[in-house]
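Dear colleague,

I am handing over the structure we spoke of, and I would be grateful if you could look through it alongside the notes below.

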Amino acid sequence: MKRQLTHDDIRAAVYGGAVLGGGGGGFVERGLRTAELALQVGTPELWSADEFAPEDLTATVALVGAPAAVDPLVLPTHLLRALELLRRDLPRPLAAIHTNENGAETTINGWFHSAMTGLPVIDLACNGRAHPSSVMGAMGLHREEDYRTVQGYAGGRPYTYVDGAVAGGLEGTSSVVRRASVEAGGWVGVARNPVEVGYAVEHGAPGAIGFAIELGRRYLADGPAGAAAHLGGEIVATGTVREYRCETREGLDVGVAVLDDAVGTTLHFVNEYMTLELDGERRAAFPDLITTFGEDGAPLASADVAVGKRVDVLVAPAASLLLSSTMYLPEVYAPVEELLGFPFAPAPRVPAHA
């Protein structure tokens, strides 16, 4: 199916994405602004994956950085510059673009690109929830021995601006882009990892954007409880934050939040929430969805949590989400586990819908 994205889609996509962000995936206000701008300057289109030939070429558009960065700036012109740098080095034209993940800003990745270039956005994400590392959103390409990626990036204020394109192995180029985000003040827009649509469908999360929009409509109608019910999850904790630590390491926000409730709810995060403990026992772990909501019921990013804030904690099982098979590759968890200092990776397996 092909359809034009409309103003009715914006709030649902951004708020549904914010729930699926699980503490990461960007910020609601910035997502709303970028989506509104896309519809002001053009007519972005969302196409289902079956509108393309399997051999058509698509690429991921994404944001890379630390949510708590103090001086970031990624403008729409930076997004287009990153795409321009990617397209310059491709052997054949792109047929479409797709987002890396669902999040408040990332669900609408590609809308502005589509409005300005005419390239359709595929209703597909590399992963149907937000995740902290580029390799987690690369649909298993790091296991393809002959795969050579190209990544274009751009971002920063006038005094920190960087842009460029890097080609090579997936992990090495991702490290270069992550470092560029640090030099840019915290964030860069990225266009990366050209693949055939057939590969993206097999290894990614087709239908992820429609999934976020549907979830967002339920959240907007019924609040956090409605979102939990929609996802087959529940609100497992409510309390005031009594302890919060966050530091930026290797371009990622790493930290912990502890509530004052009777079970001492503890959330560890690397951008997104990685684990949830109640009474000292693990209740959920990534890729399960763990999301915090503020006292006003709005999704609350991990970077916006602070001592004294009252929060609700939603948990939904991984089985309720549209996930890439990459989420069950143990090696993608190793760097994140090292940052936190403990293991939590799920047992290797392939989800039934992958």
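What follows is an account of the sheet, its hairpins and two helices.

Please bear in mind that this is a predicted model, in which local features need pLDDT of at least 70 and side-chain atom pairs count only at pLDDT 80 or more, while totals for chains, interfaces and linings use all residues. Residues are numbered from 1 along each chain as its sequence is written, and side-chain values use heavy atoms, with hydrogens and water left out.

Helices (H or I, at least four residues) and strands (E, at least two) are DSSP runs, numbered from the N terminus, and two strands are taken to pair if DSSP finds at least two bridges between them. On that basis, 8 strands make up an open sheet with antiparallel pairing, in the order β14-β13-β12-β11-β10-β17-β15-β16. Because β14 (281-285) and β16 (299-300) are at the edges with a single partner strand each, one side of each has no neighbour in the sheet. Within this sheet, β10 (residues 234-249) is joined to the antiparallel β11 (residues 252-259) by 8 bridges, and E243 stands opposite V258 in β11.

Towards the β14 edge, 4 bridges connect β13 (residues 272-278) with β14, E277 having R282 as its bridge partner. The hairpin of these strands has 2 residues between them, and D279 takes a positive phi near 55°. A further hairpin is formed by β6 and β7, with 6 residues between the strands and a positive phi of about 115° at G156 in the turn; the two strands pair in the antiparallel sense over 7 bridges.

As for the helices, α1 (residues 7-20) lies across β15 (289-293) and β16, at about 115° to β15; axes here are lines fitted to C-alpha atoms, for helices over the stretch in contact (heavy atoms within 4.5 Å), with angles from 0 to 180 degrees between N-to-C directions. α1 also packs against α7 at an angle of about 70°, with the axes 6 Å apart, and the two are therefore roughly perpendicular (65 to 115 degrees). Among the residues that meet there are Y15 and L20 in α1 and F211 and Y219 in α7.

Helix α7 (residues 208-230) deserves a separate look: for its 23 residues, the end C-alpha atoms are only 15 Å apart, short of the 33 Å that a straight helix would reach (1.5 Å times one less than its number of residues). A kink of about 140° lies at D222, shortly before P224, the bend being the angle between axes fitted to the seven residues ending there and the seven starting there. Just after α7, G232 takes a positive phi of about 70°.

With best wishes

Terms used
Angles under 35 degrees count as roughly parallel, over 145 as roughly antiparallel, 65 to 115 as roughly perpendicular and the rest as oblique.
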